[in-house]
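Open the model in your viewer and keep a selection box handy. We'll go stop by stop, picking something and looking at what is there.

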Amino acid sequence: ITNNLLKSKQDDKLIETKSSLEEKVTNIVAHHLLDLLKKHCNEIRPEDICVLVNNHNQAENIRKQLAIAGLPSRLVTKGNIFKSDASEILQRFINCLAKPGDSGELKLLACTNLLKWSISELELSEKDGSLDQLANRFSKWSKNLKKIGLIGCLSEILEGRAIADLSARGRLLSDLNQCAQLVQEEMHRQGFDAKGAARWLKKQRNSHLSQIPENHLPKSDITENSINILTIHRSKGLQYKVVLCPFLWQSPLQPKGPLWRLDGDERWLLKQSPHLNNDISLSEEAKFEALKEYERLAYVAMTRAEQQLILIWGKALKQEGNPLVSFLFGPNEIDTRIEELTHEKMIKWLAVNNAAISIFPAKSSPINTSWTKT
């Protein structure tokens, strides 16, 4: 495995907040992967790459940054298609079919990514007749719904520039088509009109299923030729040629009580007063267990790579005890203040332990890397 460590160019004494550094990291990820794919297009394809994150917010932020860079990506998740942005857009669309004369519903739909009317267009819509034209289209579709079907109505509104724009954001178009297909099948099975379809879809969107049916899983998550983005928890058992871990420099969330549950103990402990003698030991033990769990997850993340593992190291306020510290600086530095974890200490520890890690400085522009198979 060739390990590439991206070291921030920030001065060792300059410590940023976790949120500000996280924002910069998403940009670093996009530029690095763009450079990697451009320089090694014969060895690496987008689907060979996986970006592992701690939570879904990080996944969305990475996905948005990759889209800005023009890189295709997919969120690997066990989500429900009826919880997607596309299902909300489809709900607005069917609501307009059920009430084609409702200007409020029409305006809500116009503001979605389906039509993408600007504020100025929305303000002028009642004066220039564009809202009436939209209402007339929905009135026609509503009358012919049984004949042309929901997907037929949807395809007409997706003609021309609208569908070209959606295709550039392929996930939305894929999810929209899948969701519409499920609703149309239910309309045919139960004989729903537009109002019945709107009620059924709303019920699906508000339901909370412990087990999601196979046909409700987003098909956009199995699209090929896309960079994979998933949480470390979901990555167990999976392998990718290139794995990038952008956020292992973050420390685990610190447990604060008042309820405590320690590892190997089935009991819950309730802290009744901040002055109890066992408070410190409870807190320290819980912190220790949280760190152990983060270290286990870091091990899972770093062993998903088949040929190349890319780590990002960053120094942010209150991120002591993160799983990369012992790996990059040694176990004796686990409690060291974050500002004292200097570049020199890292180089020394890696050199002493003959760690096969190549260090590259992080840049806002593409990073020069070598592609080595070992």
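Is Lys116 buried, partly exposed or exposed? Select Lys116: with a relative accessible area of 42%, Lys116 is partly exposed. (Buried means under 20% relative accessible area, exposed means over 50%, and partly exposed lies in between, using a 1.4 Å probe and protein chains only.) Lys116 sits in the loop between α4 and α5 (119-128), and has a positive phi of about 55° although it is not a glycine.

Before moving on, some housekeeping. This is a predicted model, where local features need pLDDT of at least 70 and side-chain atom pairs count only at pLDDT 80 or more, while totals for chains, interfaces and linings use all residues. Residues are numbered from 1 along each chain as its sequence is written, and side-chain values use heavy atoms, leaving out hydrogens and water.

**The whole chain**

Zoom out and colour by secondary structure. The protein chain has 13 helices and 9 strands; these are DSSP runs numbered from the N terminus, with helices being H or I of at least four residues and strands being E of at least two. Of the 374 residues in the protein chain, 46% are buried. Taking contacts (heavy atoms within 4.5 Å) with a separation of 6 or more, 74% are between residues 24 or more positions apart.

**Stop: strand β2**

Now select residues 49-53, which is β2. 5 of the 5 residues of β2 are buried, so β2 is largely enclosed by the rest of the structure. In a regular strand the side chains alternate between the two faces of the sheet. Show side chains and look at each face: Ile49, Val51 and Val53 are on one side of β2, Cys50 and Leu52 are on the other, and all are buried.

Which strands pair with β2? Add residues 227-231 for β4, which pairs with β2 in the parallel sense over 4 bridges. (Two strands pair if DSSP finds at least two bridges between them.) Here Val51 is opposite Ile229 in β4. Then add residues 240-245 for β5, which pairs with β2 in the parallel sense over 3 bridges. Val51 is opposite Leu244 in β5, and Cys50 is opposite Val243 in β5.

**Stop: strand β5**

Stay with β5. With 6 of the 6 residues buried, β5 is largely enclosed by the rest of the structure, so try hiding the surroundings. Select residues 305-313 next: this is β8, and it pairs with β5 in the parallel sense over 5 bridges. One pair to click is Val242 in β5 and Gln308 in β8, which stand opposite each other.

Follow the chain out of β8 and pick Lys318, in the loop between β8 and α12 (323-329). Lys318 has a positive phi of about 60° although it is not a glycine. Lys318 is exposed, at a relative accessible area of 72%.

**Stop: helix α3 and its partners**

Two packed helices are described by the angle between their axes and the distance between the axes. Axes are lines fitted to C-alpha atoms, for helices over the stretch in contact, and angles run from 0 to 180 degrees between N-to-C directions.

Select α3 (residues 85-98) and α10 (residues 194-206): their axes come within 8 Å and cross at roughly 155°. That is why α3 and α10 are roughly antiparallel to each other (angles under 35 degrees count as roughly parallel, over 145 as roughly antiparallel, 65 to 115 as roughly perpendicular and the rest as oblique). The contact includes Leu90, Ile94 and Leu97 of α3, and Ala197, Ala198 and Leu201 of α10. By class, the residues of this contact are 8 nonpolar, 3 polar and 4 charged. (Ala, Val, Leu, Ile, Met, Phe, Trp, Tyr, Cys and Pro count as nonpolar, Asp, Glu, Lys and Arg as charged, and the others, Gly among them, as polar.)

Swap α10 for α4 (residues 103-110). The axes of α3 and α4 are 9 Å apart and pack at an angle of about 150°, so α3 is roughly antiparallel to α4. Ile89, Arg92, Phe93, Asn95 and Cys96 of α3 make the contact with Glu105, Leu106, Leu108 and Leu109 of α4.

Finish with α7 (residues 145-157), whose axis comes within 12 Å of that of α3 and crosses at roughly 130°. α3 and α7 are therefore oblique to each other. Leu90, Phe93, Ile94 and Leu97 in α3 meet Leu145, Leu150, Cys153, Leu154 and Ile157 in α7. This contact has 9 nonpolar residues, no polar and no charged.
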